[in-house]
Structure formats: C-alpha cells, structure tokens
There are 2 protein chains.
Amino acid sequence: MKKKALDDYLCCMEAIEHDKRKCPTHISKDECISALLPVKDALDILSGKWKIQIILSLTFGKKRFKQILREIPGLTPKMLSKELKELEMNELVERKVYDTAPVTVEYELTPYGRTLKPLIGELHKWGSKHRKRIIARS
Amino acid sequence: MKKKALDDYLCCMEAIEHDKRKCPTHISKDECISALLPVKDALDILSGKWKIQIILSLTFGKKRFKQILREIPGLTPKMLSKELKELEMNELVERKVYDTAPVTVEYELTPYGRTLKPLIGELHKWGSKHRKRIIARS
DNA sequence: GTTATCAGTATACTTTAGGATACCGGTATA
DNA sequence: TATACCGGTATCCTAAAGTATACTGATAAC
C-alpha cells in the first residue's frame with residue numbers, strides 16, 4: 001500500500017461499486033478506506049480557523065506569544081494557545097521557554113513545519129484560481 | 001498581487017512586525033491579509049467530513065444518490081445532500097436529473113472538479129509522511 | 001503607589017457541524 | 001394489498017468549535 005495508496009483507494013471504490021471482494025491491486029475494503037486517512041489528517045491539521053495565519057506568521061522566524069497576538073487581529077489568547085498546542089503536538093512548531101523574569105516564551109516553525117510549504121503553495125494556487133472563477137461567475 | 005500573493009503575504013507580515021506601513025513589494029496590510037484568503041477557501045471547500053470521500057467516489061464516473069450512500073458507510077442522506085450541494089455550488093460536481101419514474105438523479109465530477117487532483121495528491125503525500133512520523137514517535 | 005507587560009488560564013456563552021430518526025409521494029415488485 | 005426503492009426533507013438532538021470577558025503572579029517602568 002506504499003506510495004500509490006490513493007490510486008489503490010480509487011481502484012477499491014470501483015471494486016466496491018461492481019461488487020467485487022477485492023480490487024485488482026489486491027487491497028481489502030478496510031485497506032481502501034485507510035488509504036484516504038492521510039488526506040483527512042492533513043486537512044485536519046491545517047483547518048483550524050487561525051492555523052494557516054499562525055504558520056505563515058512564524059515563517060519569518062521565532063515569535064513570542066503576545067507578538068503573534070498583536071499581529072493577527074481578532075485572535076484571542078485562548079485560541080492562540082489552543083492552536084499553538086496542536087501545532088506543537090504535530091511537531092510543526094517548537095515552544096521554547098527562557099528563564100527570564102517575566103518568563104519569555106518563543107514559538108518557532110520547525111524544519112519539519114517548513115515541509116508544509118509545497119502543500120500550502122498548492123492550496124494557494126488552487127484557491128486563487130477558484131476565487132477568480134467564482135467572482136467571475138457573479 | 002498576481003501570482004506571488006503568498007510571498008507578498010510573508011513580506012507583509014515582516015513589515016507589520018517591524019512596524020512599517022508597507023512592505024517592499026508595496027502591498028497594504030489589507031491586501032496582505034487577503035493574500036491568504038485563497039488558502040482558506042481551498043481548505044473550507046475540502047474540509048467537510050465526507051467531502052474527500054465523496055469526491056474520490058465520483059472520480060470513476062457518475063453515480064446516483066443512493067449509490068453513493070451505500071458505498072460510504074456511516075454517511076446519512078442529510079449529510080450527503082448537504083455536501084453535494086456545496087460541491088455543486090463550487091462547480092466541482094454536476095447534478096443531472098432525468099425525467100424517469102421514479103426520478104433518476106446522477107452526480108458527476110466536473111472537469112473543473114478534476115483540477116483538484118494535484119492538490120489532493122499533495123495532501124495525501126504530506127499526510128502519509130506525517131502518519132509515519134507520528135506513528136514512529138510512539 | 002499605580003500601571004503595564006509577560007504568557008497564558010478560567011468561566012460562560014453562542015454558533016456551527018454533524019448524527020438519529022422519521023417521513024414524503026410516486027412507482028415497481030411480490 | 002403490502003412492501004421496497006427512488007431522492008431526498010424535517011425535526012430534534014449532541015458535540016465540537018469558536019468568542020467574550022475577566023483574571024493570575026511576578027516584574028519593570030512611570
């Protein structure tokens with residue numbers, strides 16, 4: 001189920017439709033469904049209301065909590081805290097605490113977090129075309 | 001603000017951070033924020049709970065309402081109806097009604113809907129790597 | 001002495017997403 | 001005559017996401 005898992009999924013859907021037990025690439029229905037889990041994972045990770053904005057705001061380098069808060073209008077500390085925790089759990093952002101007084105906390109995009117770049121680029125590319133299409137329609 | 005809107009956004013964030021009115025590429029803060037709207041659009045369109053599964057299920061060709069319902073376990077008619085309407089609004093899916101008795105309704109992925117393929121591919125690619133990383137961690 | 005800043009947390013609330021169940025009128029089948 | 005299928009809709013409910021507002025304790029600046 002390696003690299004072509006998505007193709008396997010499609011193949012499996014066809015198998016289901018035509019009432020076969022297995023698709024030609026020999027994956028079961030369960031394997032088939034699990035083949036699209038990664039897509040959902042990626043969507044879940046990015047689809048918090050402020051995630052993209054936070055990630056992009058960290059693209060230029062580390063920032064402090066209040067600094068992000070000031071930069072993004074409408075964002076509340078509760079939401080920022082929640083979103084940062086989720087990003088941290090997914091190893092996209094690193095939280096560093098310095099023993100100063102008062103305490104200093106810095107958030108930084110990890111190298112792994114930067115691997116999102118092509119994906120966000122693709123989202124932006126499709127989204128832009130879509131905006132034009134929808135605006136042109138009205 | 002054409003093609004490099006995302007770069008403009010990043011540039012603008014830096015400008016905001018360093019308290020400038022404009023970033024070197026001369027877009028305002030409002031333009032800056034609107035530069036990431038397309039990313040959010042794309043995420044919103046794809047992030048319904050059943051959207052991806054429905055889109056993929058239609059990749060092989062047109063299908064009828066009940067047919068999709070049977071194919072996707074757990075999906076209720078209410079949700080399918082809602083998701084299909086949203087996909088239709090975004091011109092990703094076309095709904096065709098045939099004057100038979102009882103009425104026949106077919107849903108088909110539009111050519112435009114198929115332009116999602118690279119994006120979904122990218123989501124799957126990143127999501128798969130992420131799964132491996134997270135599973136390996138525990 | 002007062003106020004502001006740091007990085008958040010606590011509590012209460014509204015809004016949205018999604019699920020469960022029942023139902024519709026028309027037709028074909030048993 | 002009874003049942004099942006077609007493509008949905010209506011109603012009610014729960015759970016999750018997000019918002020608003022207030023607050024913390026230590027410190028530094030005015």
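**Notebook: loops, copies and DNA contacts**

I began with A:Glu91, which lies in the loop between helix H6 (77–89) and S2 of chain A. Helices (H or I, at least four residues) and strands (E, at least two) are DSSP runs, numbered from the N terminus. I noted that this is a predicted model, in which local features need pLDDT of at least 70 and side-chain atom pairs count only at pLDDT 80 or more, while totals for chains, interfaces and linings use all residues. Residues are numbered from 1 along each chain as its sequence is written, chains are lettered from A and ligands numbered from 1 in the order in which they are written, and side-chain values use heavy atoms, with hydrogens and water left out.

**Entry 1: Glu91 and the cis prolines**

I looked up the backbone of A:Glu91 and found phi near 65°, a positive value in a residue other than glycine. Is A:Glu91 buried, partly exposed or exposed? A:Glu91 counts as partly exposed because its relative accessibility is 22%. The cut-offs are under 20% relative accessible area for buried, over 50% for exposed, and partly exposed in between (1.4 Å probe, protein chains only). In chain B, I found B:Glu91 in the loop between helix H6 (77–89) and S2, with its phi also positive, near 65°.

I then checked the peptide bonds. A:Ala101 and A:Pro102 are joined by a cis bond with omega about 0°. A:Pro102 sits in the loop between strand S2 (93–98) and strand S3 (104–109) of chain A. The bond between B:Ala101 and B:Pro102 is also cis, with omega about -5°, and B:Pro102 is in the loop between S2 and S3 of chain B.

**Entry 2: chain A overall**

I counted secondary structure next: chain A has eight helices and three strands. Along the sequence they follow the pattern α-α-α-α-β-α-α-β-β-α-α. Of the 138 residues of chain A, 45% are buried. A contact here means heavy atoms within 4.5 Å. Taking contacts in chain A between residues at least 6 apart in sequence, I found that 40% join residues at least 24 apart.

I compared the length of helix H8 (residues 117–137) of chain A with its expected span, which is 1.5 Å times one less than its number of residues. The 21 residues should span 30 Å, and the end C-alpha atoms are 30 Å apart, so the two agree. The buried residues of H8(A) include A:Leu119, A:Leu123 and A:Trp126, and also A:Glu122 and A:His124.

**Entry 3: the core and the two copies**

I looked for nonpolar cores, meaning sets of buried Ala, Val, Leu, Ile, Met, Phe, Trp, Tyr and Cys residues joined through side-chain atoms within 4.5 Å. The largest has 60 residues, and those with the most contacts inside it are A:Leu46, B:Leu46 and B:Leu119. What does A:Leu46 touch, leaving out residues up to four places away in sequence? Its partners are A:Lys51, A:Ile52, A:Ile55, A:Leu116, A:Leu119, A:Leu123 and, from chain B, B:Leu43.

I superposed the copies by least squares on the C-alpha atoms of residues with pLDDT of at least 70 in both. A rotation of 180° with 0.0 Å of shift along its axis places chain B on chain A (RMSD 0.0 Å). The two copies are therefore related as by a two-fold rotation axis. The copies meet through the same surface, because 100% of the interface residues of chain B are also interface residues in chain A.

**Entry 4: DNA strand C**

I listed residues near each strand, that is, with a heavy atom within 4 Å of it. DNA strand C has 19 residues around it, and A:Ser81, A:Arg95, A:Tyr107, B:Lys49 and B:Lys78 come nearest. Of the strand C atoms within 4 Å of the protein, 68% belong to sugar or phosphate and the rest to bases.

For polar contacts I used pairs of N or O atoms within 3.5 Å; within protein, one must be able to donate a hydrogen and the other to accept it, and residues adjacent in sequence count only if both atoms are side-chain atoms. A polar side-chain atom of B:Lys49 lies 2.6 Å from a phosphate oxygen of strand C. For A:Val105, a polar backbone atom is 3.4 Å from a phosphate oxygen of this strand. H6(A) gives the largest share of the surface near strand C, four residues.

**Entry 5: DNA strand D**

Which residues are closest to DNA strand D? They are A:Lys49, A:Lys78, B:Ser81, B:Arg95 and B:Tyr107, out of 19 around the strand. Here 73% of the strand atoms within 4 Å of the protein belong to sugar or phosphate. I found phosphate oxygens of strand D 2.7 Å from a side-chain N or O atom of B:Ser81, 2.7 Å from one of B:Tyr107, and 2.9 Å from a polar side-chain atom of B:Arg64. H6(B) gives the most to this surface, with four residues.
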